[in-house]
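Trainee: I have a model open and would like to walk through it with you. Could we begin with the overall picture and then go into the details?

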Amino acid sequence: MDTDGEQMLGGLIAAHHATPMDDLPALLVAYAALAGFSQPLLYLADLQQQYLVPLPGQQAPDGSPLRRLRIDTTLAGRAYRALGLVSAASTGDPGPDEEDPDEACPGEGGPRRWWVVLLDGTDRMGVLAVTAPGGDDDTRRRAHWLASLLAVVIATKRSTSDTYAAVVRDRPMDLSAEVLWSLLPTKTLATDRIVVTAALEPAYQVGGDAFDYALTRDTLNLAIFDAMGHDLTAGLTSAIAIGAFRNHRLRGDGLRAVGEAIDTAIAEQFARTQFATGVLATLDLRTGALTWVNRGHPAPLLLRHGHVVAELAAEPDPPMGLRLAARQDPAHYQLQPGDRLLYYTDGIVEAKDPDGHEFGLDRFVDFITRHEAAQVSAPETLRRLVQALLQYQHGVLQDDATVMLVEWQPQAGAPLGPYTVTRRGRGRSLRRW
């Protein structure tokens, strides 16, 4: 690492421990200057990933307030969408609110304005903007280093910062949504062997939809839930389902036993008046062996080479919470490298426009496969899907809509920004698509 970059990163690492979120912009200004960066700004993505919102304590050179930036139409948004880095010739105005031009501006002569995605692991949080004297490789590396460190710093502070929560929200949140968002994992996780990404709407009035996933060394555990109703009771039902799923899988219980434990936990709390559908699954990351149980939920879809090739249909057991015993053994399927699994709730396909026409399974599948063929990253594909659903229903969803996309052995060079994925070194009841 060069000396200037070392001073910048080393200073930030030493100073950030006792720095609250609100003081982070001032800290950034001081230490970014050590590597030749001026006018740095931090923007965070709002909960629905429509806007990039400036962190408080920052302003334009003329003292005017900074505006939030649309993710779909600005250069800052392009860096967020592409999970990478974008630059343009600096005009002296550090506000990255100009429209995204049709062509990038890759030239290296003169001062340049840079926008770099902020990634918590591989989960997008926002963007960093800085001005630099030029656009050489050293500048790019330093910008990536700075954005990476800032993402780690923000990630460690956001759970204890009401400032962070206030920035990413643009309206009050229902209590049910408050409970569920506090339980959900990050929206995206990627390694050299797996990519998992999920989206959930309506973000501020979530009823009973939820998802969960976690890794061990060689296993991905995952689940998607849809609880009955659209109120706090539905949210608490899904919260119980997530808690029981985690508790019993960590005890080493098999999928069928975990499903029965969730069924018991919901029934004991709500006396069989509430239930949740769901799919519980494990994926062996070494071999691609998928195992799952279906508790009354829509069957996952299997995508291969940009096409849906199968519906992973197994005889479903009853929803969880009714104390109707599971009778089916777990189902199995062998994935091929690059296969994608698509889990969803009925709010995706049953979303209706003002005339009552459903979004539908065919439209849903076509949307995903077209974006995959265009080599759009999985997180960006789901972000655009949510925007399409909101537009289809004129901004108001009648039901919760959740989707989770899982890719095993992602193709080398899969688009995940500066963290490009590189790769190391029998089914039943499978309905053809």
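Mentor: Keep in mind that this is a predicted model; of the 433 residues of the chain, 55% count as buried, and the chain has eleven helices and 18 strands.

Trainee: What supplies the exposed area of the chain?

Mentor: The chain exposes about 18100 Å², of which carbon and sulfur atoms supply 50%.

Trainee: OK, on to the sheet: in what order do the five strands of the open sheet come?

Mentor: The order is β9-β10-β11-β12-β15, with antiparallel pairing, and the edge strands, each pairing on one side only, are β9 (209-215) and β15 (331-334). From one strand to the next, the twist averages 15 degrees.

Trainee: And which helix packs on that sheet?

Mentor: That is helix α7 (residues 232-250), which touches β9, β10 (219-227) and β11, and whose direction makes about 160 degrees with that of β10.

Trainee: Switching to rings, how many aromatic pairs does the structure hold?

Mentor: There are three aromatic pairs, and one of them is formed by Phe225 and Phe245, edge-to-face at 6.2 Å centre to centre with 75 degrees between the planes. Phe225 lies in strand β10 and Phe245 in helix α7, 20 residues apart, so to speak of distant parts of the chain being linked is apt here.

Trainee: Are those two buried or exposed?

Mentor: Phe225 and Phe245 are both buried.

Trainee: Last one: where does the charged end of Arg68 sit?

Mentor: It sits over the ring of Tyr51, 3.6 Å from the ring's centre, while the charged end of Arg363 sits over the ring of Phe359, 5.5 Å from its centre.

Note on methods
Residues are numbered from 1 along each chain as its sequence is written. This is a predicted model: local features need pLDDT of at least 70, side-chain atom pairs count only at pLDDT 80 or more; totals for chains, interfaces and linings use all residues. Side-chain values use heavy atoms; hydrogens and water are left out. Helices (H or I, at least four residues) and strands (E, at least two) are DSSP runs, numbered from the N terminus. Buried means under 20% relative accessible area, exposed over 50%, partly exposed in between (1.4 Å probe, protein chains only). Accessible areas come from the Shrake-Rupley method with a 1.4 Å probe; for residues, only the protein chains shown count as cover. Two strands pair if DSSP finds at least two bridges between them. Axes are lines fitted to C-alpha atoms, for helices over the stretch in contact, and angles run from 0 to 180 degrees between N-to-C directions. Contact means heavy atoms within 4.5 Å. Rings of Phe, Tyr and Trp (its six-membered ring) pair if their centres lie within 6.5 Å; planes under 30 degrees apart count as stacked, over 60 as edge-to-face and the rest as tilted. A charge sits over a ring if NZ of Lys or CZ of Arg is within 6 Å of the ring centre and within 35 degrees of the ring normal.
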